[in-house]
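Biologist: Please take a close look at one part of this model, the surroundings of the ligand. Then work outward from there and tell me what you find.

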Amino acid sequence: MNIRIADIVPESFVDGAGVRFAIFLQGCKRHCRGCHNPQTHDLNGGTIMDTADIINQFKKDSIVRGITLTGGEPFLQIEAATELACAAKKFGLNVWCYTGFTFENLPRQAEQLLKFVDVLVDGEYRESERDLSLLFRGSKNQRIIDLRATRRTSRLTLW
Ligand code: SF4
């Protein structure tokens with residue numbers, strides 16, 4: 001399946017816990033002021049890749065503990081992102097996903113991707129709430145949600 005990609009960082013230490021294969025999906029409509037990845041906004045930018053090629057890259061890497069879907073906005077390419085997340089789980093990797101949506105306002109089709117996601121970092125970047133001391137996120141409104149615990153308890157649970 002085709003996917004539009006801005007970048008891939010095969011061994012990232014800053015996009016979630018542990019060493020992670022970070023996939024920056026191309027395309028975001030939010031244009032948050034101060035966004036760190038403005039090159040990912042253009043919906044027609046980046047490079048088109050085959051999800052199978054990306055899966056082949058991360059399945060061979062014995063160092064990575066998980067994959068991170070980030071961007072850009074992963075939920076704008078939900079089917080391709082789901083394919084990557086599903087494959088990662090098959091190979092025993094955990095899945096983190098960043099989104100500009102809040103958990104409560106995700107698109108209706110989000111569940112197909114969410115069922116393979118362990119940790120969701122939600123909410124758009126707000127420059128007025130920027131805090132450099134935060135782990136794995138840029139502004140205070142963003143939350144790191146433990147989706148497995150949230151599903152287990154039926155209550156939103158932070159990581
Ligand atoms: S949602 Fe994320 S990628 Fe999109 S503009 Fe905001 S900070 Fe940038």
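Modeller: Start with the ligand itself. Around it stand C28, R30, H31, C32, C35, H41, G72, G100 and Y125. By character, this shell splits into four nonpolar residues, four polar ones and one charged one. The site it occupies is the largest pocket. Bear in mind throughout that this is a predicted model.

Two members of the shell have notable backbones. Take H31 first. H31 belongs to the loop that joins β2 to β3, the strand of residues 47-50. Its phi is positive, about 55°, although H31 is not a glycine. For context, most residues other than glycine have a negative phi, and most peptide bonds are trans. H31 counts as exposed, because its relative accessibility is 53% and the cut-off for exposed is over 50%. That value is for the protein chains only. So H31 combines a place in the ligand shell with an exposed side in the protein-only calculation.

Now G72. G72 sits in the loop between β4 and α2, and G72 too is listed around the ligand. The peptide bond that leads into it, from G71, is cis. Its omega is near 5°.

One more residue shares the positive phi. F136 has a phi of about 60° and is not a glycine. F136 lies in the loop from β6 (119-122) to β7 (143-146). Is F136 buried or exposed? F136 counts as buried, because its relative accessibility is 17% and buried means under 20%. H31, by contrast, counts as exposed.

Next, follow the shell outward through R30. F101 touches R30, and R30 is one of the residues surrounding the ligand. F101 is in the loop between β5 and α3. Setting aside residues up to four places away in sequence, F101 also touches E73, F75, L106, P107, D122 and G123. From F101 to G27 the C-alpha distance is 14 Å, with their positions 74 residues apart in sequence.

P107 is in that loop as well, between β5 and α3. Its contacts beyond four places in sequence are F75 and F101. F75 therefore links the two, as F101 touches F75, P107 touches F75, and contact means heavy atoms within 4.5 Å. P107 also lies 9.8 Å from I78, C-alpha to C-alpha, at a sequence separation of 29 residues.

I78 brings us to helix α2, which runs over residues 78-90. Its length checks out. The helix has 13 residues, and at 1.5 Å a residue the expected span is 18 Å. The expected span uses one less than the number of residues. The C-alpha atoms at the two ends are 18 Å apart, so expectation and model agree.

Much of α2 faces inward. I78, A80, A81, T82, L84, A85, A87 and A88 are buried. These buried residues pack against several elements: β1 (2-12), β2 (20-25), α1 (51-59), β4 (66-71), β5 (94-98) and α3 (111-114). Just after the helix, G92 takes a positive phi of about 80°.

The packing of α2 on α3 can be followed residue by residue. T82 is in α2. T82 is buried because its relative accessible area is 10%, under the 20% limit. Beyond its sequence neighbours, T82 touches Q112, L113 and F116. Q112 is in α3. Q112 touches I78, E79 and T82 in turn, again leaving out residues up to four places away. The two partners differ in exposure. Q112 is partly exposed, because its relative accessible area is 30% and that falls between 20% and 50%; T82 is buried. Q112 and T157 are separated by 20 Å, C-alpha to C-alpha, and by 45 residues along the chain.

Finish at β1, one of the elements that α2 packs against. A6 is in this strand. A6 is partly exposed, as its relative accessible area of 29% lies between the two cut-offs. Away from its own stretch of sequence, A6 contacts F24, L25, Q26 and T40. A6 and T40 are 34 residues apart along the chain, yet their C-alpha atoms are separated by 5.8 Å.

Note on methods:
Residues numbered from 1 in each chain as written. Predicted model: local features only at pLDDT ≥ 70, side-chain atom pairs only at ≥ 80, totals over all residues. Heavy atoms only, no water. Near = heavy atom within 4 Å. 1 Å grid on protein atoms, 1.4 Å probe; cavity = no way out; pocket = protein on both sides within 12 Å on 5 of 7 lines; lining within 4 Å. Sits in = over half its atoms within 2 Å of the grid points. Nonpolar A, V, L, I, M, F, W, Y, C, P; charged D, E, K, R; others polar. Helix = DSSP H or I, 4+ residues; strand = E, 2+ residues; numbered from the N terminus. Buried < 20%, exposed > 50% of the residue type's maximum accessible area, 1.4 Å probe, protein only.
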